[in-house]
Amino acid sequence: MSKNYYAILMAGGIGSRFWPVSTTELPKQFHDMLGTGETLIQKTFNRLSKVIPEENICILTHERYKDLVLEQLPKANPGQLLLEPEMRNTAPCILYASMKIRKENPDAVILVAPSDHWIEQEDIFAGDVKRCFAECAERDILMTLGITPTFPNTGYGYIEYDGESGNNGHDVCKVKKFTEKPDYATAKEFLRQGNYLWNAGIFIWSVKSILKAFEHLQPEMYRLFSKGIPKYNTLAERTFIRKNYGKADNISIDYAILEHSDNIHVLPAGFDWNDLGTWGSLYDKLPKDDCGNAVVNARTLIENSGNNMIRTSGKKLVVIDGLDDYIVIEKKKVLLIYPKQKEQRIKEVLQKVKQKFGEDLI
C-alpha cells in the first residue's frame, strides 16, 4: 500500500431523494440503508482503506456533520476532516483538499469517491483503482471510472469514449464527451452505439495534474485557495476557510474542469455498482419476496401487492393490500406513500412540504 495513495471521500450531500429517511440533520450517508450493519460512509471508508492508508483518506463534509463523521469513523482523526462552512458543490472542495494534500505530499495520486455508493466485488474495485493510480502517476491525465450500462437509464450521466483507443472492454480509453442525463430515446441510442459508459462520479488523478487543470481552467478559484497554502495543515486553516470558502463559485468538478479538459481518460469498471441515489435504486439492491416486495426494518402483512419498497423505523408493523410499485417509507412524523415511477419528483415534493409545514420535517 503506497504512501502516495490518497482519497477524498465526499460526504457533504443531503440525499434529498431519500426523504424522509435522509434529512439535513442526518443525511443518507450516515444511515444503514441496506440493513447490512454498516452505514454507507462506514462501508465506503472500509472499502477505500483496503487500497489507501487510513491516515491518507480525507473526509470532506459540512462542518455540521463533524461529530457524526468522527462517531461513525473512529479510525479517522479530526485532522482528516475537511469541513465546509457552506455547500459550494464539488469543484471548490476538491481544489481545497488537493492543495492540502500537495502541501503534505507533492507526489500524491488521489481517488475522489462519493460516500454513498454501493460497490460489490471490492477486490475488483481495488484492482481498478490501482491500475488508474499507476496510469496517473506516469501520465498527465485525469481519469474516471465508467460503468458499463445494462439498460438505458435516464437518471445517470453518460461518458462517450473513443472506441479506437481500447477494444477489449477493459482498456483505458480517451474520453470524447460527457452528456448529462439523457431522455430515454437518447439513452437507448447510446447503448446501441456501444461506446458509452455511465458516469459514476469516481475520479483519479495526480495532485500535480488536477491542480494544473484548476490553475488553467479556474484561475480565479485557484488564486483564492492558493492564498491559504501557508495556513493549510496548521491551526490557522479553519479561520482562512471560514473567511474565504463562500467566495468560491458554486460549480461542480464536471463543469469546472472535466468538460473543458482534453486529457480525460476512462477505465470501464469491472465491478458491480449502484449509486443509491433514489428509493428505486435501493430497491434494486435489496432481496425481495415472491411478489417483488423489498422490506427494510419493518414487519409486514402483505396481500395482493407487489414490487413495493417498504421501510420503517423501529420495526413497525405494516399491513398492505392492493398496492403495486409504490414506495412506502415511515420515519417519526412522516409517512411517504408514493409511486415508484415518480421517485425523481420526491425532491420537488420535499420543497412543497418545506413550504407548507416548515423545517422540522426536513
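## Strand β13 and its surface patch

In this predicted model, V319 belongs to strand β13. The residue counts as exposed because its relative accessibility is 56%, above the 50% cut-off for that class. Together with L301 and L317, V319 makes a nonpolar surface patch of about 300 Å².

Strand β13 covers residues 309-321 and pairs with β12 in the parallel sense, over nine bridges. One of the residue pairings between them places R311 of β13 as the bridge partner of V296.

## The open four-stranded sheet

Strands β12 and β13 belong to an open sheet of four strands, arranged in the order β12-β13-β14-β15 and mixed in its pairing. The edges are occupied by β12 (294-303) and β15 (334-339); each has a single partner strand, so one side of each has no neighbour in the sheet. From one strand to the next, the twist averages 25°.

## Strand β6 between two partners

Strand β6 (residues 142-147) is mostly covered, with six of its six residues buried. In a regular strand, side chains alternate between the two faces of the sheet. For β6, both faces are covered: L142, T144 and G146 lie on one side, M143, L145 and I147 lie on the other, and all of these are buried.

Two strands are paired with β6 in opposite senses: β9 (residues 196-206) in the antiparallel sense, over five bridges, and β10 in the parallel sense, also over five bridges. Towards β9, L142 stands opposite W205; towards β10, G146 stands opposite P268.

## Salt bridges between distant parts of the chain

Side chains of opposite charge can pair when their charged atoms come close. The count for this model comes to 21 salt bridges. One of them joins E122 and K43, whose closest N and O atoms are 3.9 Å apart, against a cut-off of 4 Å. Because E122 lies in helix α4 (residues 122-138) and K43 in helix α1 (residues 40-48), the pair ties together parts that are 79 residues apart in sequence. E122 is buried, at a relative accessible area of 16%. Both residues also take part in a network of salt bridges that links E38, K43, R47, K50 and E122.

A second salt bridge is formed by K100 and E237, with 2.9 Å between the closest N and O atoms. This pair links distant parts of the chain, since K100 is in helix α3 (residues 90-104) and E237 is in helix α8 (residues 237-244), 137 residues apart. Are these two charged residues buried or exposed? K100 counts as buried because its relative accessibility is 8%, and E237 counts as buried at 6%; the cut-off for this class is under 20%. In a further salt bridge, the side chains of K285 and E120 meet at 3.2 Å, N to O. Here K285 of helix α10 (residues 279-285) is linked to E120, in the loop between β5 (118-119) and α4, across 165 residues. K285 is partly exposed at 23% relative accessibility, and E120 is partly exposed at 33%.

## Aromatic pairs

A pair of aromatic rings is described by the distance of the centres and the angle of the planes. Across the whole structure, 15 aromatic pairs are found. In the pair of Y96 and Y245, the ring centres are 6.3 Å apart and the planes are at 70°, so the arrangement is edge-to-face. Y96 lies in helix α3 and Y245 in the loop between α8 and α9 (253-256), so this pair ties together parts 149 residues apart in sequence. Y96 and Y245 are both buried. Ring pairs also link these two residues with F225, Y232 and F240 into a cluster.

Which arrangement do the rings of F125 and F271 adopt? Their centres are 5.4 Å apart and their planes are at 75°, so this pair is edge-to-face. It links distant parts of the chain, with F125 in helix α4 and F271 in the loop between β10 (264-268) and β11 (273-274), 146 residues apart. Both F125 and F271 are buried.

Terms used
Residues are numbered from 1 along each chain as its sequence is written. This is a predicted model: local features need pLDDT of at least 70, side-chain atom pairs count only at pLDDT 80 or more; totals for chains, interfaces and linings use all residues. Side-chain values use heavy atoms; hydrogens and water are left out. Two strands pair if DSSP finds at least two bridges between them. Axes are lines fitted to C-alpha atoms, for helices over the stretch in contact, and angles run from 0 to 180 degrees between N-to-C directions. Patches are made of residues with over 30% relative accessible area and no salt bridge: like charges are joined within 9 Å, nonpolar side chains (Val, Leu, Ile, Met, Phe, Trp, Tyr) within 5 Å. Accessible areas come from the Shrake-Rupley method with a 1.4 Å probe; for residues, only the protein chains shown count as cover. Buried means under 20% relative accessible area, exposed over 50%, partly exposed in between (1.4 Å probe, protein chains only). Rings of Phe, Tyr and Trp (its six-membered ring) pair if their centres lie within 6.5 Å; planes under 30 degrees apart count as stacked, over 60 as edge-to-face and the rest as tilted.
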